[in-house]
Amino acid sequence: MGTMTRALGAELRRILPPAQVMDSIEDRTLYAYDGTSIKALPDAIAQARSAAEVAAVLRFATEREVPVVPRGAGTGLSGGSVPAQGGIALVLAGMRNIKEIDTGSMMAVVEPGVITGIFQKAVEDAGMFYPPDPASLNYCTLGGNIAENAGGPHGVKYGVTKDYVLGLEVVLPSGDVVRLGGKQIKNVTGYNLVQFFVGSEGTLGVITEATLRLLPKPPAKKTMLAIFDRLDGAAEAVASIMAGGVIPATLEIMDQKSIHCVEDYLKLGLPRDAEAILLIEVDGMPVAVDAEAEVIGRICREQGVKSFQTAKSKQEEEALWKARRSISPAISAARPSKIGEDISVPRSAIPAMVREIQRIAAEYRLPIVIFGHAGDGNLHPNILTDRRDHQEMERVEQAIGAIFEAAVKLGGTLSGEHGIGLSKRPYMDLAVSAPVQKLMADLKRAVDPKNILNPGKIWRA
Ligand SMILES: Cc1cc2nc3c(=O)[nH]c(=O)nc-3n(C[C@H](O)[C@H](O)[C@H](O)COP(=O)(O)OP(=O)(O)OC[C@H]3O[C@@H](n4cnc5c(N)ncnc54)[C@H](O)[C@@H]3O)c2cc1C
């Protein structure tokens, strides 16, 4: 064990109950990863149980200028909770109380370590609805969702995490604990500092409590699967559904390569010659749901849909979702490694973006699977590769750069929901101008003058 690690562990044990501090090589290895394949060891791990404990760790770290990397469940897909410069992995996953579900105000107050799926279930049991639905919801934490501004299929109708965060308790690098916003739906008292911390990827403060807005639970839902011979037909259908006055609860797209991967993996009977599948859900009052489903069916037929199914039961609904939910494991099985990206473009640019990605795939001779949230313009091109093949990895790097350039050219950006972290940091100049990056760096310096919180993430500060 290095001297830095031993000394840091011993000092942290003076600040926190000793059982909450770990520094063995086994423990440090466990906290060296997130959902990417990037690895960097922390020198010590501190598990926090309260804002006061977080404050004590941050005060100490600022005084000693030790990096602190906040961590929820470590499912992030941009390297955000990887301790790139060592220091302390500050684990919030143990703060998992749902403090209050206030049905009168339709608000919940939670600690940051609550698992998103457990929270959604508790909210549903109280007759309400919390829409943000990252695919990782059974593992990730609400604190991680807020720090990454996570989203999911519900984004098209209901928005993403930021649209539900009304209040935060945040511990600043100084150790000061500040409370921002609260249960007020309308609040224009001073700067909107709540949103300053949403999506800040653990670089500005540690979230120790959040007040989240809830919605009434929609009483009815309908799920539809539309298979198109031509990608253009699917893209036109997406545009026409919105223009037709229907905002679906989800509107997901899978391209032909996704269809092939899922077929190879599960043999669901999806047609391999189809260029695109749309998975569409509508929700709301029963009469509205019936009328909206009818409009969607008509529009898909007008766009030459090859097959259109509507689920008539919970089991059929699950069966229709199966193809979409299986993409991740299917593409993981297809090749030794996959590199998933997360570009976001204006909704109308989806067909052009898909074609650009197909062109890039051909140019760099790489299989690229495209799926994602067609309804809100957030696509996940996944490059299927083999990290051990260094020559191929060079082409992968070039293809990633080309995808980002194409997205920005079409009015889009680098990330819709996974954040910049370490993995997209080299591309920040493509999407964010120098004066804006300077403004971000100035704000970071004002809050964290010693640069202890998640240093080296987002940009090279
Ligand atoms: C299979 C899979 C599917 C996924 N699907 C989606 C998806 O559909 N949509 C989506 O948006 N994301 C998705 N993700 C990415 C990931 O789950 C989300 O980014 C999630 O919000 C991360 O939560 P976490 O608790 O794991 O955070 P971590 O990975 O531990 O941390 C993420 C970032 O948040 C910071 N952080 C964590 N907790 C706090 C806190 N309390 N205070 C301050 N900063 C904090 C960390 O420093 C880090 O920068 C997926 C990941 C996987 C592995």
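**Exercise 1. Helix α9 and its surroundings**

Take K267, which has a positive phi of about 50° just after α9, as a starting point. Which residues of helix α9 are buried, and what covers them?

Solution.

Step 1. The model is predicted, local features need pLDDT of at least 70, side-chain atom pairs count only at pLDDT 80 or more, and totals for chains, interfaces and linings use all residues. Residues are numbered from 1 along each chain as its sequence is written.

Step 2. Helices (H or I, at least four residues) and strands (E, at least two) are DSSP runs, numbered from the N terminus. Helix α9 spans residues 256–266.

Step 3. A residue counts as buried if 20 or more other C-beta atoms lie within 10 Å of its own, as exposed if 12 or fewer do, and as partly exposed in between, with C-beta atoms placed from the backbone. In α9 the buried residues are K257, S258, I259, C261 and V262.

Step 4. The cover over these buried residues includes β13 (250–255), β14 (276–284), α11 (314–325), α12 (327–334) and β17 (368–373).

**Exercise 2. Two helix pairs**

How are α9 and α12 oriented, and how are α8 and α13 oriented?

Solution.

Step 1. Axes are lines fitted to C-alpha atoms, for helices over the stretch in contact, and angles run from 0 to 180 degrees between N-to-C directions. Angles under 35 degrees count as roughly parallel, over 145 as roughly antiparallel, 65 to 115 as roughly perpendicular and the rest as oblique.

Step 2. The axes of α9 and α12 cross at roughly 80° and come within 8 Å. Therefore α9 is roughly perpendicular to α12.

Step 3. Contact means that the C-beta atoms of two residues, placed from the backbone, lie within 7 Å. On the α9 side the residues are S258, C261, V262, D264, Y265 and L266, and they meet I327, P329, A330, I331, A333 and A334 in α12. Sorted by class, this contact has ten nonpolar, one polar and one charged residues. Here Ala, Val, Leu, Ile, Met, Phe, Trp, Tyr, Cys and Pro are nonpolar, Asp, Glu, Lys and Arg are charged, and the others, Gly among them, are polar.

Step 4. For α8 (residues 231–243) and α13 (residues 350–363), the axes come within 9 Å and cross at roughly 150°. These helices are therefore roughly antiparallel to each other. L231, D232, A235 and V238 in α8 meet I350, P351 and V354 in α13. The classes here are six nonpolar, no polar and one charged.

**Exercise 3. The largest nonpolar core**

Where does the largest nonpolar core lie with respect to domain 3 and domain 4?

Solution.

Step 1. A nonpolar core is a set of buried Ala, Val, Leu, Ile, Met, Phe, Trp, Tyr and Cys residues joined through C-beta atoms within 7 Å. The largest has 64 residues, and I277 and L278 have the most contacts inside it.

Step 2. Helix α14 (residues 390–409) gives the largest share, seven residues.

Step 3. Domain bounds come from an automatic or database domain assignment. Both domain 3 (220–328) and domain 4 (335–454) give residues to this core, so it lies between them.

Step 4. Leaving out residues up to four places away in sequence, L278 touches A226, A234, A237, L251, E252, I253 and A374. A second, separate core has 57 residues, including M22, L142, L166 and L204.

**Exercise 4. Residue E209**

Is E209 buried, partly exposed or exposed?

Solution.

Step 1. E209 lies in strand β10 (residues 206–213).

Step 2. Because 19 other C-beta atoms lie within 10 Å, E209 is partly exposed.
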